[in-house]
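Here's a quick briefing to read alongside the model. Keep the viewer open and follow the topics in whatever order suits you.

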Amino acid sequence: MTEVRVEGVTRRFGNVEALRGVDLTIASGEFLSLVGSSGCGKSTLLHVIAGLERASEGTVRFDGVDVSALSPRERDVAVVFQTYALYPHMSVFDNLGFPLRMSRVPREELRRRVRETAELLRIDDLLSRRPRELSGGQRQRVALGRAIVRRPRVFLFDEPLSNLDARLRLETRAELKRLHEQLRTTFIYVTHDQTEAMTLSQRLAVLRAGEVLQVGTPEEVYRRPADTFVATFVGSPPMNLIPARLDGGRLAVGGVELPAGGLPPSFRGDVLIGLRPEDLALRPGPGEPAMPATVTLVEPLGPESYVHLDFAGHALVARVGPDVPVRAGERLRVSLGLGAASLFDPETGRRLQT
Amino acid sequence: MIRRAALWGAMLLVLAWSLGPFLWQGLTSLKPTGELSRLPPILPTAPTLDHYRGVFEGRPFARYLLNSAAVAGGTTLLALAVGSLAAFALARLPVPGRRLILGLFLSITMFPPIATVSPLYLGVRALGLRDTLFALIVVDTTFALPLAVWVLTGFFREIPEDLHRAARVDGCTPFQAFRRVHLPLAAPGLFATGILVFIAAWNELLFALTFTATDRSRTVPVALALFPGLHEVPWGEIAAASVIVTIPLVVLVLLFQRRIVSGLLSGAVK
Amino acid sequence: MRPVLAREERAGPAFVTPALALIAGVALVPMLGAFWLSLHREMPVFRISRFVGLDNFAFLLRDPRFLKSLGNTAYLTFLGVAIETALGLGLALLLHRSFPGRGLARAALLVPWAVPTVVSGRLWEWILNPSYGILNHVLGTDLNWLGHPSLAIHAVLLADVWKTTPFAALLLLAGLQVVPRDLLQAARVDGAGAARTFFHVTLPFLRPALLVVLLFRTLDSFRIFDVVYVLTGGGPANTTETLSVYAYKLTFSTLDFGYGSAVAAVTFLCVLGLSLVYVRLLVGRRA
């Protein structure tokens with residue numbers, strides 16, 4: 001149960017800054033994800049927290065204590081790697097017991113803890129096998145087990161599910177969530193998959209080019225993204241972004257004027273409007289402000305469909321239920337659901353309203 | 001069809017070219033002395049082991065073999081120990097000036113051995129280590145190190161970096177990680193390197209010639225080089241001695257051909 | 001930045017130190033010692049030891065025996081390496097295909113490389129023997145291969161090439177395995193014959209391996225000692241004396257440590273120069 005605080009961490013490789021003045025606090029026992037596309041620095045941040053790499057500037061604190069100069073072992077963290085990093089020349093039992101051996105845990109206790117962990121993860125029948133004899137899912141569990149057996153202060157996960165097939169990934173995701181509820185230890189989880197981050201974590205931090213763009217609950221990040229990158233990164237299909245002009249209480253989008261209901265009346269200028277696909281309504285009732293659009297493509301998914309629209313030269317994607325009959329080429333009215341819209345500065349991409 | 005035949009023909013030619021001289025030496029070693037000075041016959045009419053006996057009489061050839069084994073074995077162990085440690089560090093640990101160090105190792109291979117011989121000779125004599133195997137082992141190890149380090153660094157680099165990270169997280173000091181994780185996984189590379197170093201040390205001539213003075217520490221290459229008597233050259237015995245020395249090496253090569261090749265290639269393909 | 005260096009950062013240099021210590025003490029320092037000696041007139045037996053600056057080098061440039069040994073060395077090196085590479089390439093092409101017994105063939109090929117130079121020296125000495133040697137018997141001649149001033153060096157070349165070709169063959173074999181198969185197939189589909197395929201497809205990919213072979217073998221060959229010492233001892237009439245053999249004789253026969261070191265130093269400088277040329281070629285190609 002450890003609070004992890006990252007303060008002003010910068011990590012430089014020669015001229016390249018992989019991390020730039022990162023400030024982040026992970027509460028004790030929290031499950032927090034670090035999300036972003038590849039190269040954003042999330043793995044580097046994890047390594048710095050783990051003690052595998054040294055920050056060029058800044059500190060890392062565990063429960064207020066500066067651990068920046070401590071080795072991973074001294075910080076008492078466990079890491080689950082994307083490649084599992086199981087020792088090929090050791091049996092599963094020896095892999096699980098290795099960290100305990102290094103800590104000079106007495107043999108009886110070691111054996112007990114290894115067995116307990118193996119039973120917990122349902123790999124107790126594999127203890128004498130070598131990693132190369134195991135399936136991907138089994139290897140992943142051994143990697144998990146090697147972390148769990150240590151009872152560390154902090155669990156660090158570096159894209160542990162990326163190498164699993166889709167179905168296993170879903171199963172293991174659920175197991176990880178259950179594990180967190182059971183162990184109540186601080187989990188810091190790195191992934192490029194925003195769905196994973198959204199479903200697993202209590203809070204997530206979105207990174208880009210070494211900077212933390214936003215930290216918040218999945219709800220916060222989804223509903224009120226801090227900038228256009230976060231807006232389009234989180235959520236699938238991505239948030240629709242349309243350039244528009246706000247003037248007094250009126251919104252000018254693609255040559256069409258709308259009453260800007262729900263948007264701040266005092267603002268004046270060019271904006272980017274962010275609309276979630278599910279906030280767009282097709283063929284709304286008569287009272288709603290709506291705009292004409294043309295359907296360009298319909299993607300049926302079963303429980304819902306994605307409808308691609310052309311609205312005054314802008315491409316939009318709407319999410320509709322299964323009972324809305326739409327055909328490509330159709331002209332219809334679309335309600336933009338401005339009440340839930342986000343406004344962004346077209347130059348900086350940052351969010352405009354609070 | 002013709003291509004197959006041509007291929008086989010070429011293969012036989014290669015075998016003859018590579019092994020022919022040895023075969024001839026073997027035949028020579030079995031010929032009675034009288035027949036040595038006459039050609040034909042190609043094959044010995046009355047094969048004899050006299051020459052083999054002669055090799056061991058009049059000189060402590062067994063002692064030479066033992067010395068060679070000691071030098072080659074000692075060099076291999078020392079070179080592997082020192083070399084693997086250095087190679088691991090160069091492959092996986094932060095080492096300031098790594099490129100410079102690797103470059104230094106490489107440049108050592110450019111030294112003409114003859115240049116270092118006289119200062120080393122003077123040094124060895126000053127330390128009173130003349131005519132000992134110890135000096136030879138140390139020198140052979142040093143000159144084997146560049147090759148050993150280059151080859152072993154390649155093998156250590158192939159071990160995934162995450163394994164080292166996992167070892168660190170699990171609480172290993174760098175040396176523990178080396179001993180428990182990297183060394184076992186680099187075993188094939190160590191073996192290949194060991195063979196290469198053994199062969200090189202066994203065959204070494206110049207330093208052995210310079211540092212050994214008496215039969216006490218003489219190695220086989222030196223003995224073979226100094227074989228001829230003052231008047232009569234004992235070709236039969238030379239042939240027999242050559243065969244004795246060649247056979248273990250042939251066996252070594254046959255058994256470990258694949259590893260030798262992998263070791264050589266790993267070092268050269270940078 | 002950080003007052004306490006992490007264990008990892010301390011371990012690196014520590015692990016490299018034993019190797020560096022050996023290299024420094026047993027190779028580097030003696031090499032520097034050789035340069036130091038070369039600036040002296042050093043003959044311990046006669047109790048002569050004084051600094052003479054670059055006198056040894058000045059003498060060297062006018063020393064006919066030195067120039068001859070330089071010529072011998074150059075001949076053995078450049079011709080030898082050329083032949084080795086060509087033969088090695090042929091062998092590599094041959095062994096590139098997989099066929100039953102390939103392992104055995106490779107092992108057989110390795111044997112000349114694996115045996116001590118003394119053994120191969122003695123081997124060829126016997127084969128080249130003027131009276132009892134099998135070469136003369138097969139050719140029907142009675143040439144004194146190792147004793148005749150104009151023949152000896154070629155005989156040495158033969159023995160050297162025989163012993164070192166396997167190394168070139170192996171490296172080129174590795175280089176051949178880099179050539180992408182689909183390119184070779186495409187060439188065949190396009191109707192290119194074996195020769196054209198070789199020159200236009202295989203050779204470009206082989207270039208790095210070729211340069212590595214040339215580099216290593218040239219550097220090695222320039223310092224040649226063992227095979228010459230055993231076969232001819234540098235004779236007859238110094239026609240096979242290479243730089244290393246000359247240096248050896250100066251040091252251990254004439255006991256002129258100073259001049260011997262000078263010859264050795266020049267050998268090193270030549271090797272250094274050659275390697276720089278080759279590296280420039282390698283790097284140049286890559287860029």
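What follows is a short lead, then bullets grouped by topic.

Bear in mind that this is a predicted model. Chain B meets chain C through 76 residues from chain B and 69 residues from chain C, while 14 residues of chain B are in contact with 18 residues of chain A. Chain A splits into domain 1 (4–233) and domain 2 (240–344), and chain B splits into domain 1 (1–48) and domain 2 (60–268).

**Where chain B meets chain C**

- The contact between these two takes 76 residues from chain B and 69 from chain C.
- Helix α13 of chain B, residues 235–268, hands over the largest share of the chain B side, with 17 residues.
- Sorted by class, that chain B side has 61 nonpolar residues, 14 polar ones and one charged residue.

**Where chain B meets chain A**

- Here 14 residues of chain B touch 18 residues of chain A.
- Two elements of chain B give two or more residues each to this side, namely α8 (161–169) and α9 (174–185).
- The largest share of the chain B side comes from α8(B), with six residues.
- By class, the chain B side facing chain A breaks down into eight nonpolar, two polar and four charged residues.

**Chain A: how the two domains sit**

- Measured out over C-alpha atoms, 40 Å lie between the centres of domain 1 and domain 2 of chain A.
- The contact between them involves six residues of domain 1 of chain A and five residues of domain 2 of chain A.
- On the domain 1 side, the residues come as two nonpolar, two polar and two charged.

**Chain A: the four-stranded sheet**

- One open sheet of chain A has four strands, ordered β2-β1-β4-β5, and the pairing is antiparallel.
- The edge positions go to β2 (16–26) and β5 (65–66) of chain A; each has a single partner strand, so one side of each has no neighbour in the sheet.
- Strand β4 of chain A, residues 57–62, runs antiparallel to β5(A) and is joined to β5(A) by two bridges.
- If you want a spot to zoom in on, A:Phe62 stands opposite A:Val65 in β5(A).
- Helix α1 of chain A (residues 42–50) lies across β1 (4–13), β2 and β4 of chain A, and runs at about 120° to β1(A).

**Chain A: the five-stranded sheet**

- Another open sheet in chain A has five strands in the order β13-β12-β11-β14-β20, again with antiparallel pairing.
- Its edges are β13 (256–259) and β20 (342–344) of chain A, each with a single partner strand, so one side of each is left without a neighbour in the sheet.
- From one strand to the next, the twist averages 40°.
- Strand β12 of chain A (residues 250–253) and β13(A) run antiparallel and are joined by four bridges.
- A:Arg250 stands opposite A:Pro259 in β13(A).

**Chain B: domains**

- The C-alpha centres of domain 1 and domain 2 of chain B are 33 Å apart.
- Eight residues of domain 1 of chain B and seven residues of domain 2 of chain B make up the contact.
- On the domain 1 side, α1 (2–30) and α2 (33–36) of chain B each supply at least two residues.
- The top contributor to that side is α1(B), which gives five residues.
- By class, the domain 1 side has two nonpolar, five polar and one charged residues.

**Chain B: a helix pair**

- Helix α5 (residues 98–108) and helix α7 (residues 133–158) of chain B pack at about 135°, with their axes 8 Å apart.
- Angles of 65 to 115 degrees count as roughly perpendicular and those over 145 as roughly antiparallel, and α5(B) and α7(B) are therefore oblique to each other.
- The crossing of α5(B) past α7(B) is left-handed.
- From α5(B), the residues B:Phe105, B:Leu106 and B:Ile108 meet B:Leu145, B:Pro146, B:Val149 and B:Trp150 in α7(B).
- This helix contact has seven nonpolar residues, no polar ones and no charged ones.

**Chain C at a glance**

- Chain C has 12 helices and two strands.
- Along the sequence, the pattern of chain C reads α-β-β-α-α-α-α-α-α-α-α-α-α-α.
- Taken along the principal axes, the C-alpha atoms of chain C fill a box of roughly 80 × 75 × 30 Å.

Methods: Residues are numbered from 1 along each chain as its sequence is written. Chains are lettered from A and ligands numbered from 1 in the order in which they are written. This is a predicted model: local features need pLDDT of at least 70, side-chain atom pairs count only at pLDDT 80 or more; totals for chains, interfaces and linings use all residues. Ala, Val, Leu, Ile, Met, Phe, Trp, Tyr, Cys and Pro count as nonpolar, Asp, Glu, Lys and Arg as charged, and the others, Gly among them, as polar. Two strands pair if DSSP finds at least two bridges between them. Axes are lines fitted to C-alpha atoms, for helices over the stretch in contact, and angles run from 0 to 180 degrees between N-to-C directions. Domain bounds come from an automatic or database domain assignment. Angles under 35 degrees count as roughly parallel, over 145 as roughly antiparallel, 65 to 115 as roughly perpendicular and the rest as oblique. A crossing is left-handed if the near helix is turned anticlockwise from the far one by less than a right angle, and right-handed if clockwise.
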